[in-house]
Amino acid sequence: MDRRLHRSLRDRDATVIEATEEAENDWVDHVNTVSAGTVFMRADSWYLGANVPGKPRVFMPYVGGVGHYRQTCDRIAANGYEGFSVNGA
């Protein structure tokens, strides 16, 4: 666990952190946007769930780059873990 997150949770006497539904949906939209222009989305592969009849094609890995991912994580942490619900057990 990231030290900042651990410290932030400890300082709040919190034991649970969970993405809000809005933040989760925003991230899924971003992942879909970033992956839309890749060959991954054109593949007829188990990677997208294509091997299961009727299953929606979903791309879950993040292909936006480690740098952008780290910047996003740092921004969220700097803003008090915006988009997350932080609670006690």
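A contact here means heavy atoms within 4.5 Å. With that in hand, load the predicted model and start with the whole chain: of the contacts in the protein with a separation of 6 or more, 63% are between residues 24 or more positions apart.

**Whole chain first**

Switch to cartoon and walk along the sequence. You'll pass three helices and two strands, in the order α-β-α-α-β. Now rotate the view along the principal axes: the C-alpha atoms fill a box of roughly 45 × 30 × 20 Å. The radius of gyration is 16 Å, whereas a compact globule of 89 residues would come in near 12 Å.

Next, put a surface on. Its accessible area is about 6,700 Å², and carbon and sulfur atoms hold 54% of that. Of the 89 residues, 17% are buried. Colour by charge while you're there: you should find 10 positive and 12 negative side chains, with the centres of the two sets 8 Å apart.

**Select the aromatics**

Show the rings of Phe, Tyr and Trp. How many aromatic pairs are there in the protein? The count comes to four. Zoom in on F40 and F59, a tilted pair with 5.1 Å between the centres and 35 degrees between the planes. Both residues sit in the loop between α2 (21–36) and α3 (66–78), so their pairing ties together parts that are 19 residues apart in sequence. Buried or exposed, what is F59? F59 is buried, at 3% relative accessibility, while its partner F40 is partly exposed at 38%.

Move on to Y62 and Y69. This pair is tilted too, with centres 6.0 Å apart and planes at 45 degrees. Y62 is partly exposed at 22% relative accessibility, and Y69 is also partly exposed, at 41%. Add W27 to your selection and you have one aromatic cluster made up of W27, Y62 and Y69.

**On to helix α1**

Select R4, which is in helix α1 (residues 3–11). R4 is partly exposed, with 33% relative accessibility. Which residues does R4 touch, leaving aside neighbours within four places in sequence? The contacts are R70, D74, A77 and Y81. For a long view, draw a C-alpha to C-alpha distance from R4 to A43: the two are 39 residues apart in sequence and 39 Å apart in space.

**Follow the contact to Y81**

Y81 was one of the R4 contacts, and Y81 deserves a stop of its own. Look for Y81 in the loop between α3 and β2 (84–87). With a relative accessible area of 11%, Y81 is buried, since the cut-off for that class is under 20%. Check the backbone as well. Most residues other than glycine have a negative phi. Y81 goes the other way, with a positive phi near 60 degrees.

**Last stop: I17 and G88**

Finish in strand β1 (residues 16–19), where you'll find I17. I17 is partly exposed, at a relative accessible area of 29%. Now select G88 as well and draw the C-alpha to C-alpha line. How many residues apart in sequence are I17 and G88? The gap is 71 residues, yet the two C-alpha atoms are 8.8 Å apart in space. Set that beside the R4 and A43 line, with 39 residues in sequence and 39 Å in space.

Definitions and conventions:
Residues are numbered from 1 along each chain as its sequence is written. This is a predicted model: local features need pLDDT of at least 70, side-chain atom pairs count only at pLDDT 80 or more; totals for chains, interfaces and linings use all residues. Side-chain values use heavy atoms; hydrogens and water are left out. Helices (H or I, at least four residues) and strands (E, at least two) are DSSP runs, numbered from the N terminus. The radius of gyration is taken over C-alpha atoms; the globule rule is 2.2 Å times the number of residues to the power 0.38. Buried means under 20% relative accessible area, exposed over 50%, partly exposed in between (1.4 Å probe, protein chains only). Accessible areas come from the Shrake-Rupley method with a 1.4 Å probe; for residues, only the protein chains shown count as cover. Lys and Arg count as positive and Asp and Glu as negative; His and the chain ends are not counted. The place of a charge is taken as NZ of Lys, CZ of Arg, CG of Asp or CD of Glu. Rings of Phe, Tyr and Trp (its six-membered ring) pair if their centres lie within 6.5 Å; planes under 30 degrees apart count as stacked, over 60 as edge-to-face and the rest as tilted.
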